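Visitor: I have a protein structure open beside its sequence and would like to learn how to read it. Could you walk me through a few features?

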Amino acid sequence: MALFGKRDKLQIISFQSYGTDTHLYVRGRALEDEKIDLAHQGLFRLFWNSFKRFETDEVKHTKLRLTLPDNRVFYTETDHEGYYKFDVQADNLLSLTNSEGWVTCELAFEATDLKHEISRANRFPGEVLIPSEKIEYGVVSDIDDTILHTGVVSLLKWRVIVNTFFKNAAKRVPLKGAAELYHTFHLGKSGKNANPIFYVSHSPWNLYRYLDFFLTENNFPKGPILLRSMSSFRPGKSKKPHKQNEILDILSTYPQLKFILIGDSGEKDADIYKDIAEKNPNRILAIYLRTVNHKKKIRRIQALIDSFSLVPMVLVRTSEQAIEHAKENGFI
């Protein structure tokens with residue numbers, strides 16, 4: 001969004017994604033660089049930056065280039081909202097990973113007729129998680145009210161609005177002990193593993209960098225962050241909830257891997273996770289649901305848990321309770 005005729009430079013945002021030894025899957029968005037400050041903001045700046053996160057200027061239908069560390073190159077094109085996706089077959093990707101399973105890559109605008117100046121000398125970083133074949137299991141976690149206080153059960157969701165638009169990411173508070181819990185799962189039973197953590201939320205991609213900053217600042221294990229486009233909020237866009245589709249895609253990508261699912265009792269996590277476990281009974285090790293401050297919702301979830309015995313589904317008030325159950329079941 002350029003002011004007073006000045007054009008903003010162009011940038012390529014890469015969302016942390018995931019893949020396999022033979023499958024490269026990278027997505028993100030090409031936008032004008034609004035230079036949003038995530039850390040140091042007064043009240044007016046907070047609101048202005050929140051506005052800029054949603055009033056985006058997309059780089060539409062533009063060719064992009066992806067280069068791997070071994071100099072293999074792939075191409076794709078942004079869509080009408082500036083989103084792009086590299087979804088290609090490639091061999092020996094595990095050989096490019098670091099000790100945590102991440103492959104670094106470089107993205108660039110391939111087009112030469114762009115009207116705007118390009119940021120960072122047309123070199124933008126990206127990362128893809130390719131889990132080792134030695135990992136024990138994967139973890140899929142919700143974000144809102146599971147690791148980050150958002151207030152989704154508040155009246156008219158007013159706390160969600162306040163927290164999203166009037167609090168910067170550096171001052172948001174994670175649930176007590178959540179980062180330690182996730183590191184414990186990440187390290188696994190051996191204490192030396194690199195089990196992958198996938199963060200899935202109904203939030204729009206506009207909040208990607210905000211959430212990435214929050215997770216990094218609060219020392220959560222690095223993992224793919226899977227959100228959705230604003231257009232997907234339109235009624236009738238998908239028969240299944242976004243979160244369910246993302247989790248099923250993860251299970252399909254790693255057919256030999258079992259998973260732990262973590263969510264909360266505030267919205268639909270219990271129903272979504274229950275449905276996934278019923279359709280994949282041998283793939284889900286356990287389901288952990290954090291309690292929220294809403295008695296009616298907790299009663300409904302407890303009744304659902306009492307009627308479900310296919311896999312352990314546990315309602316926990318603290319991270320310590322989840323750790324205790326995980327130790328008893330040999331997950332950590």
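**Reading the fold, feature by feature**

Guide: Happily! Let's begin at the end of a helix: helix 3 is followed by G188, whose phi is positive, near 75°. Please keep in mind that this is a predicted model.

Visitor: Which residues of helix 3 are buried?

Guide: In helix 3, which spans residues 178–187, the buried ones are A178, A179, L181, Y182, F185 and H186. They cover an arc of only 160° around the axis, so they lie on the same side of helix 3.

Visitor: What do the buried residues of helix 3 pack against?

Guide: Their partners are strand 9 (138–141), strand 10, strand 12, strand 13 (284–290) and helix 8 (319–328).

Visitor: How many helices and strands does the protein chain have?

Guide: There are eight helices and 14 strands. Of the 332 residues in the protein chain, 53% are buried. Among contacts with a separation of 6 or more, 72% are between residues 24 or more positions apart. As for the surface, the protein chain exposes about 16,300 Å², and carbon and sulfur atoms supply 52% of that.

Visitor: How should I read a sheet?

Guide: Strands of a sheet pair through backbone hydrogen bonds, either parallel or antiparallel. Here, five strands form an open sheet in the order 2-8-7-4-5, with mixed pairing. Strand 2 and strand 5 are the edge strands, each pairing on one side only.

Visitor: How many bridges join strand 4 to strand 5?

Guide: Five bridges join them, and the two strands run antiparallel. To trace the register, take L66, whose bridge partner in strand 5 is F74, and K63, whose bridge partner in strand 5 is E77. Strand 4 and strand 5 make a hairpin with five residues between them, and N71 in the turn has a positive phi of about 75°.

Visitor: Which residues are on the covered face of strand 5, and which on the uncovered one?

Guide: F74 and T76 are on the covered face, while V73, Y75 and E77 are on the uncovered one. Look at Y75 again: the charged end of K63 sits over its ring, 4.7 Å from the centre. Elsewhere, K222 lies over the face of W102, at 4.7 Å from the ring centre.

Visitor: What about residues with a positive phi?

Guide: Most residues other than glycine have a negative phi, and most peptide bonds are trans. H61 is not a glycine, yet has a positive phi of about 45°. H61 sits in the loop between helix 1 (43–54) and strand 4. N122 is not a glycine either, and has a positive phi of about 60°. N122 is found in the loop between strand 7 (102–109) and strand 8 (124–129).

Visitor: Is H61 buried or exposed, and is N122 buried or exposed?

Guide: The cut-offs help here: buried means under 20% relative accessible area, and exposed means over 50%. H61 has 52% relative accessibility, so H61 counts as exposed. N122 has 18%, so N122 counts as buried.

Visitor: And how do I describe two aromatic rings beside each other?

Guide: A pair of aromatic rings is described by the distance of the centres and the angle of the planes. The count in this model comes to 16 aromatic pairs. One of them is Y18 with Y254, a tilted pair at 6.1 Å centre to centre and 45° between the planes. This pair links distant parts of the chain, 236 residues apart: Y18 is in strand 2, and Y254 is in the loop between helix 5 and strand 12. Both Y18 and Y254 are buried.

Visitor: Why is the pair of F198 and Y254 called tilted?

Guide: The ring centres of F198 and Y254 are 6.1 Å apart and their planes are at 45°, so the pair is tilted. F198 belongs to strand 10 (residues 197–204), 56 residues from Y254 along the chain. F198 is buried too, as is Y254. Y18, Y25, F198, Y254 and F259 form one aromatic cluster.

Visitor: Could we finish with one residue, H242: where does it lie?

Guide: H242 is in helix 5 (residues 242–253). With a relative accessible area of 14%, H242 is buried. Leaving out residues up to four places away in sequence, H242 touches V200, S201, H202, L226, L227 and R228. Take L226 from that list: it is 16 residues from H242 along the chain, and their C-alpha atoms are separated by 9.6 Å.

Key. Residues are numbered from 1 along each chain as its sequence is written. This is a predicted model: local features need pLDDT of at least 70, side-chain atom pairs count only at pLDDT 80 or more; totals for chains, interfaces and linings use all residues. Side-chain values use heavy atoms; hydrogens and water are left out. Helices (H or I, at least four residues) and strands (E, at least two) are DSSP runs, numbered from the N terminus. Buried means under 20% relative accessible area, exposed over 50%, partly exposed in between (1.4 Å probe, protein chains only). Contact means heavy atoms within 4.5 Å. Accessible areas come from the Shrake-Rupley method with a 1.4 Å probe; for residues, only the protein chains shown count as cover. Two strands pair if DSSP finds at least two bridges between them. Rings of Phe, Tyr and Trp (its six-membered ring) pair if their centres lie within 6.5 Å; planes under 30 degrees apart count as stacked, over 60 as edge-to-face and the rest as tilted. A charge sits over a ring if NZ of Lys or CZ of Arg is within 6 Å of the ring centre and within 35 degrees of the ring normal. The arc is that of the directions from the helix axis to the C-beta atoms.
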